[in-house]
Each structure stands twice: as structure tokens, then as C-alpha cells.
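Let's walk through this structure together, starting with the empty spaces inside it and then stepping back to the whole.

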Amino acid sequence: MTLLETYEQNGVSKRIYDFGERVLASLRGRFEEIDRMAELNQGKVLHAMQTHRVDAACFAATTGYGYDDVGRERLEQVYATIFGAEAALVRPQITCGTHALTVALSANLLPGDELLSPVGLPYDTLQEVIGIQPSPCSLAEYGVTYRQADLLPDGSFDYDAIRAAINEKTKLITIQRSKGYATRPSFSVAQIGELIAFCKSIKPDVLVMVDNCYGEFVEPIEPTEVGADMCVGSLIKNPGGGLAPIGGYICGAKTCVERCAYRLSAPGLGQEVGANLGILPSFYQGLFLAPTVTAGALKGAVFAAACYERLGFRVVPASAEPRHDIIQAVELGSEAGMRAFCRGIQAAAPVDSYVEPIPWAMPGYEDEVIMAAGAFVQGSSIELSADGPIRPPYAVYFQGGLTWYHAKLGILRSLQSMADAGLLPEPEIL
Ligand SMILES: *Cc1c(COP(=O)(O)O)cnc(C)c1O
């Protein structure tokens, strides 16, 4: 069987396959850079695991209170070392990214304090956490106020607005690295570092939290290495390497992380409790694989950008731009386009390939959301997935792929699905 025949068997026509090969030929240099980044981060992860003497004892299950859990403690030390941080909280009891961010915020903000986002509106699910959208148990209900400085039209920081927004109540500044469901650029770690330095020059004792979702292992350093007091993310994204079935992490300053542990469990208990229930092998092995899994996802993102760009769609970031996360936004311009794109991604999945994704009301999201995901772990977006809220500019956010080859097939199938539906603006380009 030839490669083309495999693709044909998987629902990709020769025309789409050939188009993909032409696009791919232009990306070789880019892929080499991505591989080198994976190599660097692989070395970093290995060094951390060796430094903290990871061994078979770390993989044992604990139950009940989970006192003296060596595997849990060492995993947290490994994360702290990788992130260049004093401490880390890495737990299966953290349900998802939103939960990790909620723990970090509510542990470090007290009634009367103010939270500032200097990068515009935060990710959809955080709007209820903060109370921008009213919700029971929001930070607003507990007397924490919120202020925001929007980005300038070109996506850069509005330093004047940020300076004006920082006041005596400002306790914590939240910076979202990845674009989320917005078509703004994602920020590099260096840009985040500059923003942190600016904020701390105005108010030296202000705490900075970075929502690091989707950014891990894309660059040689993480935001904790440029002054972030907390760096927060989900284990069913990059750092879980596709193997972690649940979990979240908070890396950062010891004082902040300790408070997070008290908030997650209970005051007085903190990091000392929290049974691992036998899940740690997947956390360790997933972290070990995370740099290469992230690289596969990055290749998929660059390939998707290059394909859709050639066909006349606006993509963020553009194929030649540097990457700061694994997300690729493609503006499809219509709900029909979003549905066709997602149908293709879903059809390429190893799990649930036979279902058709349709827009749906999701908890935590204001608009209906369409999601294509045929994942081994429910909701895992380091696995090949595409999603987006049904609202202008009708952009899908494409991410993941545990292997580059799966990402490639998914993108080709999305193109096939768009072509079959007559939704490519200039089909003769193929
Ligand atoms: C995924 C994500 C989150 C958290 O989402 P969960 O689905 O709760 O894990 C938060 N912020 C950003 C930028 C994200 O991409």
C-alpha cells in the first residue's frame, strides 16, 4: 500500500493530498526548528527527573489522606525545576485548567483586593470565576473587584491604560499567554516578561499569575522564569503529554503555591494531603513525552495555517509567524464553514469518528460552541481537536494531535470536508 492509498482509504482525495504535499515542501525549515525545540525541552525534562531521583517508588498508589506520598512530592519538585520555580502544586484533584486558575486566584485574592487583566477579556470560563458574568461563588461575590486594560488594536499592550488601571487595591495581575477564543496574537514569554517588569515597576509587591494553557514546551523558557509569581495550566493539555487523564498544575513562588494548596484542600492541611489513587505513572510518563507531543501539535498548527492561508482564509498566527502556543485560529466566515471543518477533524479521530459535531450550549460559555474531538481522554485538547464559539468571525481554534501524522490527516480531512461542501473560496488553487 502506498502513502496516497492510505490517505484515500482515510477519506482524502489525491487532489487534497497533493495540495498538502506541496504545502509541506515549503515547511521543512520550520519543522526542523520545532524538532530542535522539542530536543531542548526533552533534555530539560530528563534533567529534572534525574535531579529529583525519580524511581519506581514514585509510581506507587496512595489512598485516603495520602500522607507521605513520595511520588506526588517528587513530581511537584520535577515540575518546579522544569518551570524554574520555587514550588509546584500538581494534582489529580485539580479538575481542569479553569479549576487550577480558580484555585490560584481565590487563594491569593482577599475581600477588598482588586484583580487586573492587562491583556483584555480573559478566557470565557474565567468570566464567571471572576464575576464579569455573574455566577454564584464568583470572586465578585467575595468582594474582589476586577479591572481590565484592553490591548491596542494591533494586539500590543496599552501601557498607558495599564499604568492608569493599577491602584492601591491592585493585588494580582492575570496575564493569559494564549489567545483563547479571540483572534488576538498569543504572547511570547519575552513579551510576558516585559509586561511583568512594567507592572512591577509601578507596583513592586503586585502578584502576577500567567494562564499558561497551551504554552508549555513551545519555547525554551516558561513565564515563571521571567518574573511570574504563578504559572498555571491543565494536564489534559501540553504537559500531560496526552497520557494524564486529569489534573492541573500551579508552579511559582512558595508563598503563593502554599496558599493554593490550602485553598485546594483545607487551611492547615495544604500540600500534605491528596491521595494519588495510582495515577502518577501517567503524570510522569506524560510529562516525559510532552515536549515531543507538543512538537507534533505545533507542526499540525503550522501546516493548518499554511494550507488555509493559501486558500485565502485569515489565519492567526500566519504560517510564517513565530509560535507561542499550539493554537491555530482559522477564520472560516460562516457557521457552515465551522461545521464542515469540525466534521473533517472528527472524521479523522481514533475514537468517535462516526459522530457529527454540532453547536451546543456548554457550561461556562456564553455562546453556543462547536467541538470536534475524538479523544482517548474526554475533553483532552492536546489530542487533535477543533472548537470555537458560534459568533463572528466564525473562527475555529484548532489544536493538538498526539502525533504529527494524525494532525496532518485531520487537517487534510478538514480540507476535504470544506471542498466537498463547496466552501473553499478558490477551489482551483488546490
Ligand atoms: C483551556 C484553557 C483554559 C482552561 O480550560 P479548561 O477547559 O477548564 O481546562 C483557560 N485558559 C486558556 C487560555 C485555555 O486555553
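Strand E4 (170-176) and strand E5 (207-211) are a good place to begin, as each of them supplies at least two residues of the lining of the largest cavity. Please keep in mind that the model is predicted. E4 is the biggest giver here, with three residues in that lining. The full list of lining residues runs Ser117, Pro122, Leu126, Thr174, Ile175, Gln176, Met209 and Asp211. Sorted by class, this lining is made of four nonpolar, three polar and one charged residues. The volume of the largest cavity is about 30 Å³, and the structure holds one cavity of 30 Å³ or more.

A word on how such spaces come to light: rolling a probe the size of a water molecule over the atoms shows where empty space is left.

Now turn to the largest pocket, whose volume is about 1,100 Å³. Which residues should you look for at its centre? Of the 47 residues that line the largest pocket, Met362, Tyr365, Met371, Gly379 and Ser380 lie nearest its centre. Four elements, helix H5 (97-108), strand E10 (369-373), strand E11 (385-389) and strand E12 (395-399), each supply at least two residues of this lining. E10 gives the most, with five residues. The classes in the pocket lining come to 26 nonpolar, 16 polar and five charged residues.

While you have E10 and E11 in view, follow the loop between them to find Glu383. Is Glu383 buried or exposed? Glu383 is buried, because its relative accessible area is 4%, and buried means under 20%. Leaving out neighbours within four places in sequence, Glu383 has contacts with Gly374, Ala375, Phe376 and Val377, as well as with Gln399, Gly400, Gly401, Leu402 and Gly242. Leu243 makes a useful landmark too: 140 residues separate Leu243 and Glu383 along the chain, yet their C-alpha atoms are 9.9 Å apart.

Gly227 offers another stop on the tour. You will find Gly227 in the loop between E5 and strand E6 (230-234). Gly227 has a relative accessibility of 33%, so it counts as partly exposed; that class covers values between the 20% limit for buried and the 50% limit for exposed. If residues up to four places away in sequence are not counted, Gly227 touches Ile196 and Lys200. To set Gly227 against a distant part of the chain, look to Ser414: the two residues are 187 apart in sequence, and 40 Å separates their C-alpha atoms.

With these local views in hand, step back to the whole protein. How many helices and strands does the protein have? Its secondary structure amounts to 12 helices and 12 strands. The radius of gyration is 21 Å, close to the 22 Å that the globule rule gives for 430 residues, so the protein is as compact as a globular protein of that length. Along the principal axes, the C-alpha atoms fill a box of roughly 65 × 50 × 40 Å.

Burial and contacts round out the picture. Among the 430 residues, 56% count as buried. The protein exposes about 17,100 Å², with carbon and sulfur atoms supplying 55% of that area. As for contacts between residues at least 6 apart in sequence, 71% join residues at least 24 apart.

Conventions:
Residues numbered from 1 in each chain as written. Predicted model: local features only at pLDDT ≥ 70, side-chain atom pairs only at ≥ 80, totals over all residues. Heavy atoms only, no water. 1 Å grid on protein atoms, 1.4 Å probe; cavity = no way out; pocket = protein on both sides within 12 Å on 5 of 7 lines; lining within 4 Å. Points joined across faces, edges and corners; volume = space filled by probe spheres on them. Nonpolar A, V, L, I, M, F, W, Y, C, P; charged D, E, K, R; others polar. Rg over C-alpha atoms; globule rule 2.2 N^0.38 Å. Buried < 20%, exposed > 50% of the residue type's maximum accessible area, 1.4 Å probe, protein only. Contact = heavy atoms within 4.5 Å. Areas by Shrake-Rupley, 256 points an atom, 1.4 Å probe, with all protein chains shown as cover.
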